[in-house]
Amino acid sequence: MSSNSAIIFVICFCIAVSNGTGAKKVSSRFTFGNSTYEISTNRAGWVQAKNDCRVKGMRLLSIESAEENNAVLENIVLMPGERFWTSGSDLGHEGAFYWEATGHSVGPFINWAPDQPDNAQSRSEHCIELWHEANHLWNDNKCDTQSLYICEGHPCEE
Ligand SMILES: [Ca+2]
Ligand SMILES: [Ca+2]
């Protein structure tokens with residue numbers, strides 16, 4: 001048994017224990033795959049939202065697949081008028097969007113609203129939101145916009 005196998009075993013065991021309470025319903029907390037998600041009850045700018053998630057031992061949302069995107073949409077369907085921060089941004093280099101939560105580039109799955117990202121508002125839109133004006137497709141918006149946000153945690157993180 002390689003050390004890699006041992007690590008995988010430990011990770012899977014941890015997931016099995018952590019998923020014991022995973023109820024899938026519309027609520028402020030939900031699960032998908034190995035992640036737990038929490039929808040904020042307060043609005044904040046992107047940096048504050050990122051820090052708030054970290055305080056909870058979580059990260060701002062990163063969306064890696066259509067399935068994950070759908071799981072999130074199912075759980076915000078009752079909040080059609082709200083925008084939600086994800087961890088996506090291009091604060092490091094204009095046009096190069098990455099998930100701050102993972103450090104990985106955004107993609108290959110992407111779900112931009114038509115004509116987005118457009119870096120509008122004086123070319124100062126650097127943070128990815130789930131945009132209420134486009135059925136929660138993705139939009140780059142000004143990072144200081146006060147929005148709800150979604151934290152994502154992996155059970156074995158921290
Ligand atoms: Ca994710
Ligand atoms: Ca935009």
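**View 1. Asp-118, a partly exposed loop residue of this predicted model.** Because Asp-118 has 13 C-beta neighbours inside 10 Å, it counts as partly exposed. (A residue is buried if 20 or more other C-beta atoms lie within 10 Å of its own, exposed if 12 or fewer, and partly exposed in between, with C-beta atoms placed from the backbone.) Asp-118 sits in the loop between strand 5 (98-99) and strand 6. Helices (H or I, at least four residues) and strands (E, at least two) are DSSP runs, numbered from the N terminus. Follow the chain from Asp-118 to Asn-139 and you cover 21 residues, yet in space the two are 8.1 Å apart, C-alpha to C-alpha.

A word on conventions: residues are numbered from 1 along each chain as its sequence is written, while chains are lettered from A and ligands numbered from 1 in the order in which they are written. As this is a predicted model, local features need pLDDT of at least 70 and side-chain atom pairs count only at pLDDT 80 or more, whereas totals for chains, interfaces and linings use all residues.

**View 2. The hairpin of strand 6 and strand 7.** Strand 6 (residues 127-131) pairs with strand 7 in the antiparallel sense, over 5 bridges. (Two strands pair if DSSP finds at least two bridges between them.) Look for Glu-129, which stands opposite Asn-139 in strand 7. Between the strands lie 5 residues, and Asn-135 in this hairpin takes a positive phi near 50°. Strand 7 (residues 137-141) is largely enclosed by the rest of the structure, because 4 of its 5 residues are buried.

**View 3. Helix 2 and its buried face.** Here, in helix 2 (residues 46-55), the buried residues to find are Trp-46, Ala-49, Lys-50 and Cys-53. Seen down the helix axis, they fall within an arc of 100°, so they line one face of helix 2. (The arc is that of the directions from the helix axis to the C-beta atoms.) Turn to the other side of helix 2 and you meet Asn-51 and Val-55, which are exposed. The packing partners of the buried residues are strand 3 (59-60), strand 4, strand 6 and strand 8. Contact here is between residues whose C-beta atoms, placed from the backbone, lie within 7 Å. After helix 2 comes Gly-57, with a positive phi near 75°.

**View 4. Helix 3 against four strands.** Asn-69, Val-72, Asn-75 and Ile-76 are the buried residues of helix 3 (residues 66-76). Down the axis of helix 3 they fall within an arc of 130°, so one face of the helix is lined by them. Ala-66 and Glu-67, on the other side of helix 3, are exposed. The buried residues pack against strand 1 (29-32), strand 2 (35-39), strand 4 (84-89) and strand 8 (148-153).

**View 5. Strand 2 with strand 1 and strand 8.** Strand 1 and strand 2 run antiparallel and are joined by 4 bridges. One pair to pick out is Phe-32 with its bridge partner Ser-35 in strand 2. The hairpin has 2 residues between these strands, and Gly-33 takes a positive phi near 55°. Strand 2 is also joined to strand 8 by 4 bridges, again antiparallel. There, Glu-38 has Cys-151 of strand 8 as its bridge partner.

Notes. Two residues are in contact if their C-beta atoms, placed from the backbone, lie within 7 Å.
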